[in-house]
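I opened this entry to keep track of what I looked up, item by item, and of how each reading was reached.

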Amino acid sequence: MKICWRYFLRMTVGFVVYALGLIALNFWYSGSSSHRYWLVLLPVLPIIYIVATIIRYVSELDEMWRKIITEAAAFSGIATGFSAISYMFLRDMGAPELRGQWVFCLMWAYYGLGLIFSWRRYR
C-alpha cells in the first residue's frame with residue numbers, strides 16, 4: 001500500500017504543475033511574443049513527468065497485474081487505431097470530422113474494456 005500513496009502523491013504533484021503551466025501559458029501568451037513557442041511547451045513537461053510516473057508504477061506491480069495492464073493498453077492502442085482508420089472511410093462518405101479529443105476518449109474507453117476482459121481472464 002505504500003507504493004500507491006507514493007505514486008498518488010507524484011501524480012498529484014504532476015497534475016498541479018500541469019495546471020500551473022496552463023495558467024502561466026494563458027497569462028503570458030500573446031500572439032506577438034517572441035517566447036510564445038516556449039510557453040506552449042510549458043504544460044508538456046509535467047505530462048512527461050506523469051507518463052514516467054505511470055511507467056514506474058506499472059513496472060513495480062506484480063507480474064499478473066503488469067500483464068493485465070499491458071494487454072489492456074495493447075488492445076486500446078490497436079482498437080483505437082483501427083477505429084480511427086475505419087472512420088476515415090466514413091468521413092469520405094460524408095460523416096462529420098472526428099476531433100482528436102474524441103479519439104483520446106475512445107482510447108480510454110477501449111482501455112477500460114480491455115482491462116475488464118483481461119482481468120476476467122486472469123482471475
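**Entry 1: a leucine in α2**

I began with L41, which is found in helix α2, residues 36-41. The model is a predicted one, and I read each value below as computed from it. L41 comes out as partly exposed, with a relative accessible area of 45%. I also looked up its separation from L22, which is 19 residues away along the chain, and found 9.9 Å between the two C-alpha atoms.

**Entry 2: helix α3**

I next checked the length of helix α3, residues 44-59: its 16 residues should span 22 Å at 1.5 Å a residue, and the end C-alpha atoms are 23 Å apart, which agrees. Which residues of α3 are buried? I noted P46, I50, T53 and V58. Looking down the axis of α3, I found that its buried residues fall within an arc of 130°, so they line one face of the helix. On the other side of α3, L45, I48 and I55 are exposed.

I then singled out T53, which lies in helix α3. Its relative accessibility is 1%, and because buried means under 20%, T53 counts as buried. Leaving aside residues up to four places away in sequence, T53 touches Y7, R10 and M11.

**Entry 3: helix α5**

For α5 I made the length check again: the helix has 23 residues and reaches 33 Å from its first C-alpha to its last, close to the 33 Å expected at 1.5 Å a residue. I listed Y111, G114 and S118 as buried in α5, and I noted that the buried residues of this helix pack against α4.

**Entry 4: aromatic pairs**

How many aromatic pairs does a search of the whole structure find? I recorded six. To describe a pair of aromatic rings I need the distance of the centres and the angle of the planes.

For F75 and Y110 the ring centres are 6.0 Å apart and the planes stand at 85°, so I entered the pair as edge-to-face. Since F75 lies in helix α4 (residues 63-92) and Y110 in helix α5 (residues 100-122), this pair ties together parts that are 35 residues apart in sequence. F75 itself is partly exposed, with a relative accessible area of 35%.

I entered W108 and Y111 as edge-to-face too, because their ring centres are 5.6 Å apart and their planes are at 80°. W108 and Y111 are three residues apart in helix α5, and so are separated by about one helical turn. W108 is partly exposed, at a relative accessible area of 46%, whereas Y111 is buried, at 19%. I also noted that ring pairs link F104, W108 and Y111 into a cluster.

**Entry 5: the largest pocket**

Last, I turned to the empty space, which is found by rolling a probe the size of a water molecule over the atoms. The largest pocket holds about 570 Å³ of space. It is lined by 17 residues, of which I54, A73, M107, W108 and Y111 are the closest to its centre. Which helix gives the largest share of the lining? I found that α3 does, with six residues, while α3, α4 and α5 each supply at least two residues of the lining.

Notes. Residues are numbered from 1 along each chain as its sequence is written. This is a predicted model: local features need pLDDT of at least 70, side-chain atom pairs count only at pLDDT 80 or more; totals for chains, interfaces and linings use all residues. Side-chain values use heavy atoms; hydrogens and water are left out. Rings of Phe, Tyr and Trp (its six-membered ring) pair if their centres lie within 6.5 Å; planes under 30 degrees apart count as stacked, over 60 as edge-to-face and the rest as tilted. Helices (H or I, at least four residues) and strands (E, at least two) are DSSP runs, numbered from the N terminus. Buried means under 20% relative accessible area, exposed over 50%, partly exposed in between (1.4 Å probe, protein chains only). The expected span of a helix is 1.5 Å times one less than its number of residues. The arc is that of the directions from the helix axis to the C-beta atoms. Contact means heavy atoms within 4.5 Å. On a 1 Å grid over the protein atoms alone, a cavity is a set of points where a 1.4 Å probe fits but cannot get out, and a pocket is an open set with protein on both sides within 12 Å along at least five of seven lines; lining residues have an atom within 4 Å of a point. Grid points are joined across faces, edges and corners, and a volume is the space filled by probe spheres set on the points.
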